[in-house]
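New notebook page. I'm opening the structure and jotting down what I look up.

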Amino acid sequence: MTTAFLGAGVRGPARVALIGVPYDRTQSYRPGAAAGPRAIREASWSLETYSPALDMDLLEAGVRDLGDLEVADLDPAAMVQRVQEAVAGLDRDVVPVLLGGDHTVTVGAVRALSARLPELRAVVLDAHLDLRDRYEGSPWSHACTVRRLWEALGDGRVVLLGVRSGVREEWEFAWRHCRWVGEPLALPEAVHAELRGCPVYLSVDLDVADPAYASGVGNPEPGGPALSEVLQALYLLRDLSVVGMDLVEAAPGLDPSGATAVAAAKLVREMVLAFCGSAPPG
Ligand SMILES: [Mn+2]
């Protein structure tokens, strides 16, 4: 491995495992997300370990960076399988945090966790619905990720936030089969209350933010929220029992300014701290 993520030098038992999945062979438009994990780690060092918004510090969060999975030569189905095995192989009290990679990496993590947590729900922040059954003949396109999650979890168990793009058939599918689809980033209280009783997987596609804040993504979709609004939305979910998460679709080579990589790194820091940052009881 090259550089580990900021503040990930845990001694003693880890509570959070960072896993890079440098893979972008399921892209529909422009590749580059395979470079995400490395760029996110490098950019993280321009941040502090301390989050003033959360009054928490990565150095106290028990984070271990396990490096990257070797997936570059795999076809998408084998890559998903590789992710699934990696997540299934973690100790049960360790929260996996994937650094993508295409959004398809999420499917492996959700499959692994739903195998032992039958009540698992997914909360996905994404500009796109990703609900196609097939895209250009493939079920593994990143345009199909949420459809694969729906298959793995069951009807009414996927919540979508920040969505502003999809074909009509995807919207109709979403209204029928997903628990909530909202462009505003806040959940209705009834949906939030349901999630409180369940283990939750949180997937953040960086393109949920407006391209002004993170232009280095495969499919930029204008008209989205500021990065600060995405962060506020994540803070609102802090009372959920998040058992796994990811930050996907960062393609830093598409943004020479470097802003995309550091935006992704800041999201990862805040996600780790918001959902795993407090010391275990006792
Ligand atoms: Mn997307």
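Is Asp205 buried or exposed? I looked it up: Asp205 is buried, at 2% relative accessible area. Buried means under 20% relative accessible area, exposed over 50%, and partly exposed in between, using a 1.4 Å probe and protein chains only. Asp207 is buried too, at 3%.

Note to self: this is a predicted model, where local features need pLDDT of at least 70, side-chain atom pairs count only at pLDDT 80 or more, and totals for chains, interfaces and linings use all residues. Residues are numbered from 1 along each chain as its sequence is written, and side-chain values use heavy atoms, with hydrogens and water left out.

Next, the metal. I found the manganese ion coordinated by Asp126, His128 (through ND1), Asp205 and Asp207, at 2.2 to 2.7 Å. Donors are N, O and S atoms within 2.8 Å of the metal (3.2 Å for Na, K and Ca), and water is not among the atoms, so sites may look incomplete. Along the chain the donors follow D-x1-H-x76-D-x1-D.

Then I checked helix α3, residues 105-116 (helices are DSSP runs of H or I, at least four residues; strands are runs of E, at least two; both are numbered from the N terminus). The helix is largely enclosed by the rest of the structure, because 9 of its 12 residues are buried. Among them are Val105, Gly108 and Leu113. The buried residues of α3 pack against several elements, including α2 (76-88) and β10 (241-248).

Last, Val272. I see that Val272 touches Val16, Leu18 and Met245, among others, not counting residues up to four places away in sequence. Contact means heavy atoms within 4.5 Å.
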